[in-house]
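Here are my notes for your first look at this model. Keep the structure open beside you and check each point as you read.

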Amino acid sequence: MITVLVGHPSPVGAVWRDALPYLQKAIDHSQGEYEVDDLMEFVDNRDMQLWTIQQDDKVIGAGVTEIVTYPRKTYVQIVLLGADNMDDWLNSIQNIEAWAKEMNVNGVRWMGRPGWKKVMQSWGYSQDYIAMGKPL
């Protein structure tokens, strides 16, 4: 089961310790855009949402989303996600999608490493863009 904690300081503080290793794993595979302290601040300010993946009341993964608004469309973007045993919980992505519908957005977007493409296509996601970068 996947649950969301949307920036309430006390429940977020209670699960942060359990979510931290999974968020750190995702951060370690990212391009250095975030550190854990950044995520904590954004969640506490309600600029991002902390999600936990729980099995038998134990956190087995965590992720962060944000609502991204463009002039003509709005999306829930999955920013980071780290978890164990993907096959056991990936169907719970539907909970994020249901929440996104409640937020009245146009869709859900997910940026990730190339391996996620095949996995997410089976859930109806398509590759919208290719992100390219050059360090300066």
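1. Start with one term. A residue counts as buried under 20% relative accessible area, as exposed over 50%, and as partly exposed in between. Take D128 as the test case. Its relative accessibility is 49%, so D128 counts as partly exposed.

2. Remember what you are looking at. This is a predicted model. The protein chain averages a pLDDT of 85. Of its residues, 91% score at least 70. Confidence varies along the chain. Among the elements, strand β1 (residues 2–5) has the lowest mean pLDDT, 60. Strand β5 has the highest, 92.

3. Now the charged pairs. Side chains of opposite charge can pair when their charged atoms come close. How many salt bridges does a search of the whole structure find? The search finds 3. Take them in turn.

4. R17 and D18 form one salt bridge through their side chains, with N and O 3.5 Å apart. How open are the two partners? R17 has a relative accessible area of 65%, so R17 is exposed. D18 stands at 30%, so D18 counts as partly exposed.

5. K25 and D84 form another salt bridge. Their closest N and O atoms are 3.4 Å apart. This pair links distant parts of the chain, with the two positions 59 residues apart in numbering. K25 sits in helix α1 (residues 9–28). D84 sits in the loop between β4 (74–83) and α3 (86–89). Both partners are partly exposed: D84 at 31% relative accessibility, K25 at 35%.

6. D128 returns here. Its side chain meets that of R109 in a salt bridge, 3.8 Å from N to O. Again, distant parts of the chain are linked, and the two residues are 19 apart. R109 belongs to strand β5 (residues 107–110), and D128 to the segment after α5 (115–121). Is R109 buried or exposed? At 15% relative accessibility, R109 counts as buried. Its partner D128, at 49%, is partly exposed.

7. Look at helix α4 (residues 93–102) next. Its residues I93, I96, W99 and A100 are buried. Why do they line one face of the helix? Seen down the axis of α4, the buried residues fall within an arc of 115°, so they share one face. The general rule helps here. An α-helix has 3.6 residues a turn, so residues three or four places apart point the same way. The face of α4 turned away from the buried side carries K101 and E102, which are exposed.

8. Check the backbone just after α4. There N104 takes a positive phi of about 60°. Most residues other than glycine have a negative phi. N104 is not a glycine, yet its phi is positive. N104 is found in the loop between α4 and β5. Its relative accessibility is 68%, so N104 counts as exposed. For a sense of distance, compare N104 with M132. They are 28 residues apart along the chain, and their C-alpha atoms are separated by 29 Å.

9. R46 deserves a similar check. R46 is not a glycine, but it has a positive phi of about 65°. Where does R46 lie? R46 is in the loop between α2 (36–44) and β2 (48–55). At 47% relative accessibility, R46 counts as partly exposed.

10. Finish with the largest pocket. It holds about 1,400 Å³ of space. Its lining comprises 39 residues. Which of them lie nearest the centre of the pocket? They are W110, M111, G112, R113 and W116.

11. Which elements give two or more residues to the lining of the largest pocket? They are α1, β4, α3, β5 and α5. The largest share comes from β4, with 7 residues. By type, the lining of this pocket divides into 21 nonpolar, 10 polar and 8 charged residues.

Conventions:
Residues numbered from 1 in each chain as written. Predicted model: local features only at pLDDT ≥ 70, side-chain atom pairs only at ≥ 80, totals over all residues. Heavy atoms only, no water. Salt bridge = Lys/Arg side-chain N within 4 Å of Asp/Glu carboxyl O. Buried < 20%, exposed > 50% of the residue type's maximum accessible area, 1.4 Å probe, protein only. Helix = DSSP H or I, 4+ residues; strand = E, 2+ residues; numbered from the N terminus. pLDDT = per-residue confidence, 0-100. Arc of directions from axis to C-beta. 1 Å grid on protein atoms, 1.4 Å probe; cavity = no way out; pocket = protein on both sides within 12 Å on 5 of 7 lines; lining within 4 Å. Points joined across faces, edges and corners; volume = space filled by probe spheres on them. Nonpolar A, V, L, I, M, F, W, Y, C, P; charged D, E, K, R; others polar.
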